[in-house]
Amino acid sequence: MRYAQGGGLTAERRAFREQVRREAGARFEAGERTSAIARDLRVSERSVERWRRAWREGGEEALRSSGPASVPKLSDDRFAELEEELGKGPAAHGFEDQRWTLARVRTVTGRRFRMRLSVATVWRLLKRHGRSWQAPARRLSSGTSTRSSCGSRWGYPRLRGSAAPGRSTAAALGARVVLEDEAGFAMTPPRARTWGRRGHTPVVRVRGRSRRRISVAALCCYKSGQKSRMIYRPRFLLLKGARKSFARTDYRDLAVRAHIQLGGPIVLVRDNLNTHLAVGMKRYAAEHDWLTVFQLPSYAPDLNPVEGLWSLPRRGPMANTAITDPDHLTGVLRRGLRHIQLRSALIDGCLAGTGLSLGPPTPP
């Protein structure tokens, strides 16, 4: 079915529908049954009944077309003004990242035209004028090359239906199960879908290659019957040749910080990173009763819920954000991690995504 640019049916389509109604009116005069008319004209019986009532009340004149069924909320001229506003980009309207969402378009429409539209109306308006929800392309605002944000992207087999590593030990000690992982965040933002004109891929402005990045080590802390928590520590890489990842002492200090904040013993579960397997880390765990360490199976990061946690800030505040400097990256990342800390359901969801549980094991 074809639609006009401003909304509603085209004149050609309206004329065709009016002709169908007139043919139905002629068959009403002949006394034909509703089911036969609907079958021959390939319309619903409900439509034929509606046309018959109109024909009885107003005759053949009642079957004439009355024009479009509805008038668009925004005329073509007003939508052209709205397109100019959208073309300026979200940053020109006070939004931090370069992503147009239905809620943001609704906000801009309200400011520009003093109109209160629903999200569904905005969706229909954008669809009618040839816009779609699509992934943007990247374009450099400076430099000569791009660099995607870093993180843990290992291929691994799916391991499901197990109990969380160290769960029995944690229950016996009255401790929390604490899982650890590290990831890096660079100046180039992740891409997220945004509204743009159909056939014209939106563009996200990004910086060129930069050695500046932030490494973050995080702990997801779980205990049955208590609120889940997340603790993190950032590490900034600003100088060439500086260490990119956390040192053994950094992981030790993070475990001490978790012990102090949680106020009790912890069962620390982590992967087989060479820093985690250092002799100094093993010696420190042996000398402190409040710390019990378990290693995840080799090549199985799918068992670590912190792996799923990293996608939350990347899909949230960091998506399509044109990072300008390390301070800007730090602020955006801290807001994203703070958002997770205040919502324990997100932390629980990361655990559920691994297929592990803190409850009693399911009997065979």
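## Close-up views of the predicted model

**View A. Arg42 sits in the loop that joins α2 to α3 (45-58).** The structure shown here and in the other views is a predicted model. Arg42 comes after helix α2 and has a positive phi, near 60°. This residue takes its positive phi of about 60° although it is not a glycine. With a relative accessibility of 78%, Arg42 counts as exposed. In the preceding helix α2, which spans residues 34-41, the buried residues are Thr34, Ala36, Ile37, Ala38 and Leu41. The view thus passes from buried positions in α2, among them Leu41, to the exposed side chain of Arg42.

**View B. Arg114 occupies the loop between α5 and α6.** Arg114 is not a glycine, yet its phi is positive, at about 55°. The relative accessible area of Arg114 is 69%, so the residue is exposed. The two helices on either side of this loop are the subject of the next view.

**View C. Helices α5 and α6 pack against each other at an angle of about 90°.** Helix α5 covers residues 102-113 and helix α6 covers residues 119-128, and their axes lie 9 Å apart. Angles from 65 to 115 degrees count as roughly perpendicular, and α5 and α6 are therefore roughly perpendicular to each other. On the α5 side, the contact is made by Leu102, Val105 and Arg106. On the α6 side, the residues that meet them are Val119, Val122, Trp123 and Leu126. Six residues of this contact are nonpolar, none is polar and one is charged.

**View D. Cys220 and Cys350 do not form a disulfide, and their sulfur atoms are 5.7 Å apart.** A disulfide is a covalent bond between the sulfur atoms of two cysteines. The search of the whole structure finds zero disulfides. Cys220 is in no disulfide, and the cysteine sulfur nearest to its own is that of Cys350, 5.7 Å away. The cut-off for a disulfide is a pair of cysteine sulfur atoms within 2.5 Å, so the sulfur of Cys350 is too far from that of Cys220 for a bond. Both cysteines are buried: the relative accessibility of Cys220 is 0%, and that of Cys350 is 10%.

**View E. Leu309, in helix α10, is in contact with both Cys220 and Cys350.** Helix α10 runs over residues 305-309. Leu309 has 0% relative accessibility and counts as buried. Setting aside neighbours within four places in sequence, its contacts are Cys220, Met230, Leu337, Ile340 and Cys350. Leu309 and Cys350 are 41 residues apart along the chain, and their C-alpha atoms are separated by 6.1 Å. Leu309 thus touches two cysteines that are themselves buried, Cys220 at 0% relative accessibility and Cys350 at 10%.

**View F. Leu262 in helix α8 makes contacts with residues including Arg176 and Arg229.** Helix α8 spans residues 248-262. Leu262 counts as buried, with a relative accessibility of 16%. Beyond residues up to four places away in sequence, Leu262 touches Arg176, Val178, Cys221 and Arg229. Along the chain, Leu262 and Arg229 are 33 residues apart, while their C-alpha atoms are separated by 9.0 Å.

**View G. Arg176, a residue of strand β3, is buried.** Strand β3 runs over residues 176-186. At 9% relative accessibility, Arg176 falls under the 20% limit for a buried residue. Residues up to four places away in sequence are not counted in its contacts, which take in Cys221, Tyr222, Lys223, Gln226, Lys227 and Arg229. The remaining contacts of Arg176 are Leu262, Pro265, Ile266 and Val267. The C-alpha atoms of Arg176 and Cys220 are separated by 9.8 Å, and the two residues are 44 residues apart along the chain.

**View H. The whole protein, for orientation, has 13 helices and nine strands.** Of its 364 residues, 42% count as buried. Among contacts between residues at least 6 apart in sequence, 73% join residues at least 24 apart. The accessible surface amounts to about 19900 Å², and carbon and sulfur atoms account for 49% of this area.

Methods: Residues are numbered from 1 along each chain as its sequence is written. This is a predicted model: local features need pLDDT of at least 70, side-chain atom pairs count only at pLDDT 80 or more; totals for chains, interfaces and linings use all residues. Side-chain values use heavy atoms; hydrogens and water are left out. Helices (H or I, at least four residues) and strands (E, at least two) are DSSP runs, numbered from the N terminus. Buried means under 20% relative accessible area, exposed over 50%, partly exposed in between (1.4 Å probe, protein chains only). Contact means heavy atoms within 4.5 Å. Accessible areas come from the Shrake-Rupley method with a 1.4 Å probe; for residues, only the protein chains shown count as cover. Axes are lines fitted to C-alpha atoms, for helices over the stretch in contact, and angles run from 0 to 180 degrees between N-to-C directions. Angles under 35 degrees count as roughly parallel, over 145 as roughly antiparallel, 65 to 115 as roughly perpendicular and the rest as oblique. Ala, Val, Leu, Ile, Met, Phe, Trp, Tyr, Cys and Pro count as nonpolar, Asp, Glu, Lys and Arg as charged, and the others, Gly among them, as polar.
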